[in-house]
Amino acid sequence: MKVTIDGKEIDVPKGTTILQAARMIGPEVAPPAMCYYTKLKTSGGYCRTCIVKVTQGSTANPNPMPKPVASCRTEIMDGMVVENFISPDLLEARKGVVEFLLINHPLDCPVCDQAGECKLQDLGYENGSAKTRYEFKRREYEMIDIGDKIKLHMTRCILCYRCVKVCDQITDNRVHGVVHRGDASEISTYIEKIIDNDFSGNVIDVCPVGALTDKTFRFKQRVWFTKPVEAHRKCTKCSGKTRVWLKGDEVLRVTARKDQWDEVEEFICNECRYDHKKTSDWTIEGPSHVNRHSVISQNHYEHLNDLKLQILKQQKALGFMEINKRP
Amino acid sequence: MGRKLLIHNDKVPGIHSLEVYRAHGGYASVEKALKTMTPDQVTDEVKKSGLRGRGGAGFPTGLKWSFLAKPEGVPRYLVCNADESEPGTFKDRYLMEIIPHALIEGMITSSYALGAKTSYIYIRGEYFYVARIVEKAIAEAYEAGWLGKNILGTDFSHDCYVQVGGGAYICGEETALLESLEGKRGNPRIKPPFPAVAGLWGCPTVVNNVETIAAVCPIVNMGGEEYAKIGIGKSTGTKLISASGHINKPGVYEIELGVPVEEFIYSEEYCGGIRNGKKMKAVVAGGSSVPILPTELILKTAKGEPRLMTYESLGDGGFQTGTMLGSGGFIVMDEDTSIVKNLFTFTRFYHHESCGQCSPCREGTGWMEKILKKFLNGTANESDVELLWDIQSKIEGKTICPLGEAAAWPVAAAIRHFKQEFLDIAKSKKFVDVSHYDKLYKVRA
């Protein structure tokens, strides 16, 4: 089946979604996705950041689709034509979605462990605006421990349902879900229950924001000061292939390996994740490739000058005075 | 007098019982369909009748039925959507409360057409007493042999169950209803697949409104072509309208589609004019989610033609100058009504009822409510009108289910037609008393 995304054509098998097809073409046309996760069935469709415009439904039915569709849950039809980054309307719509995700998200990046590898940070950076139009009190929740190793900070949650799907699909005895509704919805466990199984730690890896964090790593170190290496050990529960984050010779945390799209390659067990914090426990294969697109990298690497100009432009538009001209 | 097909017997004493209902010609359509017609013939009659879904969207029922997948060895279901939760709509309650057997008769006839051995009536939690009435009627029908094994000696068997919902607006959306019926959290599913292919427990399912199902009985009795003669163009048959607001005679009226709006509001047969001799200011023609229209646009279209109570005429001019027939929740407002206050009520409702699955609706509805609260508090600025407009445009069409649109349309229409009122409030900085809301609900802002 042929599909054209942003003018690039690709042949894909039946049943492929628009998002998957776009990822096959490459990152230049792939829409951002906050809730979709390739390895989790029925994930996606919630966050609406991956919306795209379908300007031609198929060869058989060349009409455009009336509304933007969630690319992660829409299967392609033969001859479909999709617009993503080339459509200004769509980018405006996506900006709206990002704004909705951000209005109740706390601005606690400076103290959030996810900062630096946060999908929402990246998304806000790429599609958000410099100033908020939301002037009301943001939603707040108490922090909860789910299990002795996982901290749930619901205030940061964007309700992507990924952790719910992990608990549903890769572990048995589901005790984790969403309670309440509307903007009062929260991720929670059954009353007095904790998530207690060998693979529970994976909810941390799938969380796109800092809502679920590793208590053994919390406040230890900013992620950009740690060095990720691919490592493995013999494990009876999982493949034992992990990514180990080092500071000097110290193992600060262990996570699953992630692919180009920031999705876990193989889920790992809690033993590997929490109980082996010595370098001698691991056979180190070599440095991990880290995708340098995050906000933090932007400040350090090749785009620094562009970035400064961009910030200046936004500040001017907002009526800020240039720093050196201030009285 | 317009013809009545659904509630013509509503004043007969004891019509809720099977005995009286039968004596007034009840269950004739079941007899006719089961004894003299094949299921496909029944579907054909419904197609010929041009009946359109009465729940709000107005999708042709016959077409919906013909989409139903019919794989071998897989059960099919008919589900009746009695989760009538659109503010301003109360026609289904009236029908189920007064003539419950009309619904059950329709369920049997429709199920026969669809080949469904089991059907469910999903009633909203607030209608608990109505559920009891319907359950009692079902028990009567079982006893008299209208439900159960081998109905009327034919080989058609059918079971009908009532399920009471928890009272969520979102469960009126068909896929959320199915989730709720399956015992899960009432979140809308992502479509496709549509219920006609994978609905209840993954089986092909048709979900129809109470009124739609009840309308199948007169269609089978009188024939689809005869039914199609009532009404105008593609709006055929009769429709129940729940009239409320500042009118002399609020209530449920059955109209022949095609009655002029002006006649509906001012004639003695229907609403009986605006109460206390006031002037009309605006009308919400089809339940709270459809765009509000000012008097001049509801009585006449932008082209100057008189507006009729049909799907097409009310929709004339698109959303710029038109509205929708929707579910038939006809809310009339007099000259003293504050559109902003009314909009706040609607928006608060949608905020409260958003399921929270997808972000534009979850965050946007609450945001809009808070901004409208500012208008009522007298703290809004003129720029807030623009902001409100921008927020609604970013919710509309970006969500999983139509709740996003339902929340965005009233805001858009109120600003489109009554922008000056918003600006005046913003300028005057006057406080509008809404303390009664705070007593009812905790309003966060």
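**Chain A–chain B contacts and a sheet in chain B**

In this predicted model, 24 residues of chain A are in contact with 22 residues of chain B. Helix α2 of chain A, residues 88-103, gives the most to the side of chain A that touches chain B. Chain B also holds an open sheet of five strands. The scores are ipTM 0.88 and pTM 0.90.

**Interface**
- Contact is defined here by C-beta atoms, placed from the backbone, that lie within 7 Å. By that cut-off, 24 residues of chain A meet 22 residues of chain B.
- Helix α2 of chain A supplies six residues to the side of chain A that touches chain B.
- That side of chain A divides into 13 nonpolar, five polar and six charged residues.

**Sheet in chain B**
- The strand order is β8-β7-β11-β9-β10, and the pairing is mixed.
- Strands β8 (251-256) and β10 (292-294) of chain B stand at the edges. Each has a single partner strand, so one side of each is left without a neighbour in the sheet.
- From one strand to the next, the twist averages 30°.
- Strands in a sheet pair through backbone hydrogen bonds, in a parallel or an antiparallel way.

**The β7–β8 pair**
- Strand β7 of chain B covers residues 238-245. Six bridges join β7 to β8(B), and the two run antiparallel.
- B:L240 stands opposite B:E254, a residue in β8(B).

**Confidence**
- Chain B has a mean pLDDT of 90. In chain B, 97% of residues reach 70 or more.
- For the model, ipTM is 0.88 and pTM is 0.90.

Note on methods
Residues numbered from 1 in each chain as written. Chains lettered and ligands numbered in written order. Predicted model: local features only at pLDDT ≥ 70, side-chain atom pairs only at ≥ 80, totals over all residues. Pairing = 2+ DSSP bridges. Helix = DSSP H or I, 4+ residues; strand = E, 2+ residues; numbered from the N terminus. Axes fitted to C-alpha atoms, helices over the stretch in contact; angles between N-to-C directions. Contact = placed C-beta atoms within 7 Å. Nonpolar A, V, L, I, M, F, W, Y, C, P; charged D, E, K, R; others polar. pLDDT = per-residue confidence, 0-100.
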